[in-house]
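Colleague: Please take a close look at the aromatic and charged side chains of this protein, and at whatever lies around them. I should like one connected account that I can follow residue by residue at the bench.

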Amino acid sequence: MAATPTVNIVIAQGADFSEIFTSTETDGSASNLTGYSGQSKIKKYPASPTSESFSVSITASTGEVSIAMTAGKTLRLSPGRYFYDVYLTSASGKISRMVEGQAEVTAGITT
C-alpha cells in the first residue's frame with residue numbers, strides 16, 4: 001500500500017453514512033486485500049478517551065474498504081469537527097493505517 005492519504009468526510013447527523021476508499025499499490029493497481037480485516041473510529045480530538053466505531057467492510061479483489069455508520073449512531077454525534085482513521089490488519093498480523101482525516105458532522109434539522 002502507498003503512503004497514508006488524508007481524506008476529509010462529511011457526516012449528516014441522524015442519517016446513515018457510508019464512504020468507500022480504494023487501496024492501491026505504488027504502481028496504481030488495486031491492492032489485494034485477501035485475508036485483511038479493518039477497524040475505524042471517530043473521535044472529537046485524537047487523544048479523546050471516547051470514540052464511536054464505524055463498521056468496516058472489505059472487498060478483497062478490488063481493494064475497496066467501506067466504512068459505515070447507522071443513523072442511530074450518527075444521531076449520537078454532536079455537530080462539529082472530529083478526526084477519524086481506518087486501520088487494516090493483514091492475515092500475517094501487519095497493521096497499517098489506510099486513510100485518515102477530519103470528519104465534519106453537520107447538524108440534523110429533522111432528527
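Modeller: I begin where a charge and an aromatic ring come together: the charged end of Lys 44 is placed over the ring of Tyr 82, at 4.6 Å from the centre of that ring. Please bear in mind throughout that this is a predicted model.

Let us turn to the rings themselves. A pair of aromatic rings is described by two quantities, the distance of the centres and the angle of the planes. With centres required to lie within 6.5 Å, the structure has 3 aromatic pairs. One of them joins Phe 17 to Phe 54, with centres 5.9 Å apart and planes at 50° to each other, a tilted arrangement. This pair links distant parts of the chain, since Phe 17 belongs to strand β2 (residues 17–22) and Phe 54 to strand β4 (residues 52–59), 37 residues apart. Phe 17 and Phe 54 are both buried. Phe 54 also pairs with Tyr 84, here edge-to-face, with 6.4 Å between the centres and 75° between the planes. Again distant parts of the chain are linked: Phe 54 is in strand β4 and Tyr 84 in strand β6 (residues 80–89), 30 residues apart. Phe 54 counts as buried because its relative accessibility is 6%, and Tyr 84 counts as buried because its value is 3%. Through ring pairs, Phe 17, Phe 21, Phe 54 and Tyr 84 are joined into a cluster.

Two members of that cluster, Phe 54 and Tyr 84, are also contacts of Ser 40. Ser 40 is part of strand β3 (residues 37–43). With a relative accessible area of 3%, and buried meaning under 20%, Ser 40 is therefore buried. Setting aside residues up to four places away in sequence, the neighbours that Ser 40 touches include Glu 52, Ser 53, Val 56, Ile 67 and Val 86. Asp 85 is another of the residues it touches, and the backbone oxygen of Asp 85 lies 2.7 Å from a polar atom of the Ser 40 side chain.

Glu 52, one of the residues touched by Ser 40, leads on to the charged side chains. The structure has 3 salt bridges. In one of them Lys 73 meets Glu 52, with 3.7 Å between the closest N and O atoms. Lys 73 is in helix α1 (residues 71–75) and Glu 52 in strand β4, so this salt bridge ties together parts that are 21 residues apart in sequence. Lys 73 is partly exposed, because its relative accessibility is 24%. Glu 52, by contrast, is buried, because its relative accessible area is 17%. Glu 52 also forms a salt bridge with Arg 76, the closest N and O atoms being 3.3 Å apart. Because Arg 76 is in the loop between α1 and β6 while Glu 52 is in strand β4, the pair ties together parts that are 24 residues apart in sequence. Arg 76 counts as exposed, because its relative accessibility is 57%. Glu 52, Lys 73 and Arg 76 are thus members of a network of salt bridges.

There remains the salt bridge between the side chains of Arg 97 and Glu 100, with an N to O distance of 2.9 Å. Arg 97 has a relative accessible area of 35% and is therefore partly exposed; Glu 100, at 24%, is likewise partly exposed.

Terms used: Residues are numbered from 1 along each chain as its sequence is written. This is a predicted model: local features need pLDDT of at least 70, side-chain atom pairs count only at pLDDT 80 or more; totals for chains, interfaces and linings use all residues. Side-chain values use heavy atoms; hydrogens and water are left out. Rings of Phe, Tyr and Trp (its six-membered ring) pair if their centres lie within 6.5 Å; planes under 30 degrees apart count as stacked, over 60 as edge-to-face and the rest as tilted. Helices (H or I, at least four residues) and strands (E, at least two) are DSSP runs, numbered from the N terminus. Buried means under 20% relative accessible area, exposed over 50%, partly exposed in between (1.4 Å probe, protein chains only). A charge sits over a ring if NZ of Lys or CZ of Arg is within 6 Å of the ring centre and within 35 degrees of the ring normal. A polar contact is a pair of N or O atoms within 3.5 Å; within protein, one must be able to donate a hydrogen and the other to accept it, and residues adjacent in sequence count only if both atoms are side-chain atoms. Contact means heavy atoms within 4.5 Å. A salt bridge is a side-chain nitrogen of Lys or Arg within 4 Å of a carboxyl oxygen of Asp or Glu.
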